[in-house]
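Dear colleague,

I am passing the structure below to you, and my notes on it follow underneath. Please read them with the model open beside you.

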Amino acid sequence: MANEEDDPIIQEIDVFLARSLLEKLYLFQYPIRPASMTYDDVTHLSAKIKPKQQKVELEMAIDTLNPNYCRSKGEQIALNVDGTCTDETSTYSSKLMDKQTFCSSQAASNVSRYAAAVYKKGELHLTPLHGILQLRPSFTYLDKADAKHREREAANEGGDSSQDEAEDDVKQITVRFSRPETEQARQRRVQSYEFLQKRQAEEHWVHLHYYGLKDSRSEHERQYLFSQGHGLAENTELIKSPSEYLMMLMPPSVEEENDKPMAPSNVLSMAQLRTLPLADQIKILMKNVKVMPFANLMSLLGSGTDSTAVLRCIQQVAMLVQGNWVVKSDVLYPKDTSSPHSGVPAEVLCRGRDFVMWKFTQDRWVVRKEVAAVTKLCPEDVKDFLEHMSVARINKGWEFMLPYDEDFVKKHPDIVQRQHMLWMGIQAKLEKVYNLLKEHLTPKKQEAQSAHPLLVSGEQRVNMAKAKVKQNYGQLEKEFQKQKAEMKSNDTSAKMDVSNIRIKEEPVSDEEPMDTSAYEGMNNGIVNGLHAEEDSTDSLNGHLPGGCVDRVAQELKAFVSSTFKKQFVLTLSELKRLFNLHLASLPPGHTLFSGISDKMLQDMVLDTGCKQILVPFPPQTAASPDELKVYALWEAGDTYDQHRQVLLEIFSKNYRVRRNVIQNQLSQECGEDLNKQEVDRVLKDCCVSYGGMWYLKGTVQS
């Protein structure tokens, strides 16, 4: 009260809010000039504005007669910018820098707190500002001068060449076709600096007319700074209680929000997380961590959380792998999404990631090339799958990132059994989708999953081998002495009967039997299709009894026909591998155990209606000769024969092709517009996708 008595009210002023120039009034801040020179004395030559960007350019005349003006410098600048000639495009037509351009920048992003005030006859009239712009000199004329200088230098360097013989240089132009843009790529492009600059440049300038301070138009516009009506109905914003007015001046919520640090929109604090339902908490944690032991999950959820409820919720969003919980693929890749690397739909990504998870249920180690060969996904997607749940080890592969959780397996056998049944169902689906072979289904011989993996050092291996040698040394020595005695007795007493000796005949033809050495482990003791212990000479090195020739041809033709109806396109290397797998599944003594040569196999391929596709491989390819021979089924007897033939003709001219080229060629040749499902069917039969390009099966070299 004492302060109020010392500072009495001298005068009360009515405040009015003017609306006539609302969203039209700008405040321009000019550079500082000498006090003797006012802006009324400056001649404004032109003005233009970009309303959306709130950007203004003003062109003002420079007083060249002022004693402070350096005329020689002005002439030099004009000469550098325009050169010696003057035309309509010249910046300074008077050959003297007689004008200057000012460009604006926003001084404040939020101008709602600012207003222009006019005091008249005891009344204060306020008009809110729409923008505050600072005008600064623009030096674009220097850029023009630099461009002129570079042109002159280029002309001087090229002056020695004869103009009579001058010809335009022939330049090679590389034409590239852009990929179909995904939604995520489009959002990144729209938010990029280059795109924003381009949009700003596309907005057209709106030319303005400048009116001086004493102009009648200026006087007329200045009247709009006063409130047109003094009625209470028009100024209801000012009729507020003291508390409401104080809240309008200083809103506490805005201040508090401004004081909070900025955080990513997808990050929750632990306090915020625990306010959510238990199922949502577990889903968010697993989606971010991806792999977690059950004990760690319980510690993050806080004390007092029911473990039974957690187990019920975790099985909805995660799968059990080696006693640890790994987030489900459909949680990371929801429906109607796609890969950011290759654009593959979420369904295909989920299948590929499920295959990786299933492999880790069989073994602690996974080989990246094997995953890529089975799933046919791009390397970036496969790497993402592996990084979610494993760690790369040099020269070994990818190891599951967490140790086997034996405690959880012992405490919850019912959960383990239920998860095992779920994995059996997933395995059955994967077998149908990927046509998994026995080598993919059989786990490697390592320690059982219920125990920790045994690690043996190199020194321990050497010691174990030495102990084993010492143990067997005595027995080996006895056997050697016995064999030595038998050999001596045979040399002195036995007589050899030359007539009983049978000489093994070599093939008459020059062709060599097909190499099956790489698959000897699959044949269970079968050497070149024959058991070593069998004393049969009916079928050796391709020489068959007369009645067996037709049966061998029929069996071989049946194999080739059924294989190509499933695969459609095969290299000779892949066909030989499948043939050896087929041999391994046959019983001993089968007619195909007769040493089928490469030439016999290739002749049978051509006899079954297949054709060799002469794919133009790149010169630097590291493929083997068998991988360079590509065969395809020309007629399968279905409605897609013509489409596949057009596709194969394309790959006889190109090693790799983009999808849009294939689709256009199919539409032209087949005389109809194919839908996406039909094109996908043809591509799936014959091709694989790698790095955005399409290759014939077996021809891509990663």
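Strand 14 (residues 390-393) and strand 15 are paired antiparallel through four bridges, where strands (E, at least two residues) and helices (H or I, at least four) are DSSP runs numbered from the N terminus, and two strands pair if DSSP finds at least two bridges between them. This is a predicted model, in which local features need pLDDT of at least 70 and side-chain atom pairs count only at pLDDT 80 or more, while totals for chains, interfaces and linings use all residues. Residues are numbered from 1 along each chain as its sequence is written, and side-chain values use heavy atoms, with hydrogens and water left out.

Within this pairing Ser390 lies opposite Phe400 of strand 15, and the two strands make a hairpin with three residues between them, where Asn395 in the turn has a positive phi of about 60 degrees. Strand 15 (residues 397-400) is also joined by two bridges to strand 13 (residues 365-366), running antiparallel to it, with Glu399 as the bridge partner of Trp365.

Turning to helix 18 (residues 413-434), its 22 residues should span 32 Å at 1.5 Å a residue (1.5 Å times one less than the number of residues), and the end C-alpha atoms are 31 Å apart, which agrees. Among its buried residues (under 20% relative accessible area, 1.4 Å probe, protein chains only) are Ile415, Trp423 and Leu430. Met421, Lys429 and Lys432 are exposed (over 50%) on the face turned away from the buried side. After the helix comes Asn435, with a positive phi near 50 degrees.

Best regards
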